[in-house]
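Please work through the exercises below with the sequence and the coordinates open beside you. Each one sets a task and is followed by a solution in steps.

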Amino acid sequence: MSAIIETSDLVMEFPSTRALDGLDVRVPSGVTGLVGANGAGKTTLISLVLGLLQPTSGTVRVLGLDPSIDGPRLRAMIGYGPERNVLPDDMQAYDFVRHFAQVRGLPHDEARSRASDSLYLVGLGEERFRALGTMSTGQRQRVKLAQAIAADPSLIVLDEPTDGLDPVQRDEMLSIIVDVNRKFGIDVMLSSHVLEEVERICDHVVALDAGRLVAQGSMTELAGALGGVEVELVDLADLPGSIDAVERQLLDRGVVVRRLDFSLSVSGATDDELFNAVVGAVASAGARVKTLGRRRRTLDDVFTSDIVASGQPEGAS
Amino acid sequence: MNQPPPPSSPPPPSPAAASGAQIVDRGFQRYDGPRAGVGQAIRSVSWQSIRSTLGLGRPARHKIFPVLAIAIAYVPAITFVGLSVIVGDILDPNEIADYAGYYGFITAAILLFAGLVAPEVLVGDRRNGMLAMYLSTPLKRSTYLVAKVVAVLLTLALVTLGPPLLLLIGYTFENAGPDGPGDWLVVLLRIFMSAFAVCGALTAVSMAAASLTDRRAFASIGVVLLALASPAVASALVEGAELSPNWRLIDVFSMPFELVFRIFGEPGNFPELSTLSVVAVNLGWTLGGIAVVVWRYSRLVVAR
């Protein structure tokens, strides 16, 4: 699959810090999540992709172009939704979206109609003539998305698009972002520090930590079924040793058990055998089950246990 | 068993279908039509900046200063044209206000605008992140600055070009204008050159001030202080300390207006200065201001 963003040994140094350190990233078509804690280098990478910054060394290619050479041509094909609240309070949402559609190259009449269409797409059709300063955080995030897509880019880059949203607004925003990709074929790269939402909607992940690549690859490669069973038990006051008993019985059956508080992660046999073993052990110990399912590796695991703890940056693909 | 009647003939077309009209709910679609280049981006940013500066499409409080400045600039011209209508037979309006001397009546408006416009146009974008937004479009730093310079120039032209033009047109209709089409065109050209000279120098200086601070008020106060202080310092040096008259040239606010007199072939307020030095110092202020803006923006770290 061809890459829409590709970096090679990318380094970005500021006077006081090295924001990116030898980054080799390959982002294919689809919805890609750029994850990492604050200060991981996500925004710096976005700035380099947009050509807002010049790399200290290394190369970046976006949609086959070099942002530092073909910046204007490239940026005509990219929509950008910043993290910061940049919307001018006095301006109407429609005027803002239309203005940026024109700046990105749409003819006047087309910019007008597409500004309305974009605002309808993000659910602000009826609110499009409201001043931006009177809108809620969720509505303003949608306006930023609308202006990013209005000029019909090939790629949109969204910096923390769900920042400041409540869970319902977050779900709606994520759903719109997925629609933009699935229905209209616009590639999306979004940065987020909320791993759960990236896991939910992204096809690919690029994970950064302190300017280094922690992991990259498709979501199915990085997170997904691991093999094994995970059971979470209830800590019963009248049966204080029940969880210990379950763990002991499972170990006696020769399977591998990792315990974290009230959860047991069980592996070392086929899933069917493990389910039977867990059910038998729970029944025998009189324990109570809260959740029972197949073991999955989450993005959180990618960060916390498997890679960060080892201190070894790794490319999964 | 009831059978539906066989279709005998196609149903008559609806009026809308007959007329070929149809309601199309397009919704959001991909766009594969033509795209404009950077020129349109520059025009769009310039126009948006002008609208914002003049308070168009914004609440009333944002319109107060622009309306005040424009009123100060145009009221004398309207008054002079009115006088030429009422007492034109007994008084030559050109004796009240000629084209070069007109700027003396609207110094306050020009100062107000110069102090207000460039900071409004430049500082806000840097502070609220709109600069990064613009630089994420086909605009580069250089083309962004071109758009902003055009916006400041055109906005200042409202008070530097419009009133003398109004004066020329009004006088012409009252038969008090230049003699013949040739002279008329010469005056028109001089008005444009004068407006450009005043706009150019003040745009460059005010944009330089606006590029050096992220506080709009500081930039505005800086421009106004420079405009008020430099004539005082120049006078103190020339008249108080009895230094060379050429020290007048540091008067950044008076020199553009001095150049206007020279464009109209008049000696001006400082006849001891050579026209060449007046032209050179205006060019210097203009290029110096532009250099400061370009230097500042080339060093600006814009991320997100």
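The exercises move from confidence and overall layout to sheets, helices, the interface and a single residue.

**Exercise 1. Decide how far the model can be trusted, and where in each chain caution is needed.**

Solution. Begin with the status of the coordinates: this is a predicted model, and its overall scores are ipTM 0.82 and pTM 0.82.

Next, take the chains in turn. Chain A averages a pLDDT of 88, with 94% of its residues scoring at least 70, while chain B has a mean of 86, and 89% of its residues reach 70 or more.

Then look for the extremes within chain A. Among its elements, confidence is highest in strand β4 of chain A (residues 57–62), at 96, and lowest in helix α11 of chain A (residues 299–308), where the mean is 63. Residues 312–317 of chain A have a pLDDT below 50, although this stretch still makes 16 contacts in the model beyond near neighbours in sequence.

Finally, turn to the start of chain B, where pLDDT stays under 50 over residues 1–8 and the model has 0 contacts beyond four places in sequence for them.

**Exercise 2. Describe the overall layout of chain A.**

Solution. First divide the chain: domain 1 of chain A covers 3–220 and domain 2 of chain A covers 224–297, and their C-alpha centres lie 42 Å apart.

Then add the dimensions and the content. The C-alpha atoms of chain A fill a box of roughly 75 × 45 × 35 Å along the principal axes, and the secondary structure comes to 11 helices and 13 strands.

Last, consider the packing. Of the 317 residues of chain A, 46% count as buried; of the contacts with a separation of 6 or more, 69% are between residues 24 or more positions apart.

**Exercise 3. Trace the pairings of strand β1 of chain A, using A:E6 as a reference point.**

Solution. Start with the neighbour in sequence: β1 (residues 3–14) and β2 (residues 17–28) of chain A run antiparallel and are joined by 8 bridges, the connection between them being a hairpin of 2 residues.

Now find the other pairing, in which β1(A) runs antiparallel to β4(A) and is joined to it by 5 bridges.

The reference residue shows both pairings, since A:E6 has A:R26 as its bridge partner in β2(A) and A:R61 as its bridge partner in β4(A).

**Exercise 4. Establish the strand order of the six-stranded sheet in chain A, explain its edges, and place the helices that lie across it.**

Solution. Read the order first: the 6 strands form an open sheet, β5-β6-β7-β3-β8-β9 of chain A, with mixed pairing.

The edges follow from that order. Strands β5 (78–81) and β9 (212–218) of chain A each have a single partner strand, so one side of each is left without a neighbour in the sheet. From one strand to the next, the twist averages 15°.

At one edge, β8 (residues 204–209) and β9 of chain A pair in the antiparallel sense over 6 bridges, and A:V206 has A:Q216 as its bridge partner in β9(A).

To finish, add the helices. Helix α5 of chain A (residues 137–149) lies across β5 and β6 (155–159) of chain A and runs at about 170° to β5(A), whereas helix α6 of chain A (residues 167–184) lies across β3 (31–35), β6 and β7 (187–192) of chain A and runs at about 155° to β7(A).

**Exercise 5. Characterise the side of chain A that touches chain B.**

Solution. Count the residues first: 35 residues of chain A are in contact with 33 residues of chain B.

Next, identify the contributors. The elements of chain A that give two or more residues to this side are α1 (42–50), α2 (71–75), α3 (93–103) and α4 (108–121), and α4(A) gives the most, with 6 residues.

Then sort this side of chain A by residue class, which yields 16 nonpolar, 8 polar and 11 charged residues.

**Exercise 6. Is B:L226 buried or partly exposed, and which residues does B:L226 contact?**

Solution. Locate the residue first: B:L226 lies in helix α10 of chain B (residues 216–240).

Then apply the neighbour count. B:L226 counts as partly exposed because it has 18 C-beta neighbours inside 10 Å, and the threshold for a buried residue is 20 or more.

Finally, leave aside the neighbours within four places in sequence, which gives contacts with B:V205 and B:V252. The C-alpha atoms of B:L226 and B:G115 are separated by 9.9 Å, with their positions 111 residues apart along the chain.

Definitions and conventions: Residues numbered from 1 in each chain as written. Chains lettered and ligands numbered in written order. Predicted model: local features only at pLDDT ≥ 70, side-chain atom pairs only at ≥ 80, totals over all residues. Domains from an automatic or database assignment. pLDDT = per-residue confidence, 0-100. Helix = DSSP H or I, 4+ residues; strand = E, 2+ residues; numbered from the N terminus. Contact = placed C-beta atoms within 7 Å. Nonpolar A, V, L, I, M, F, W, Y, C, P; charged D, E, K, R; others polar. Pairing = 2+ DSSP bridges. Axes fitted to C-alpha atoms, helices over the stretch in contact; angles between N-to-C directions. Buried ≥ 20, exposed ≤ 12 C-beta atoms within 10 Å, placed from the backbone.
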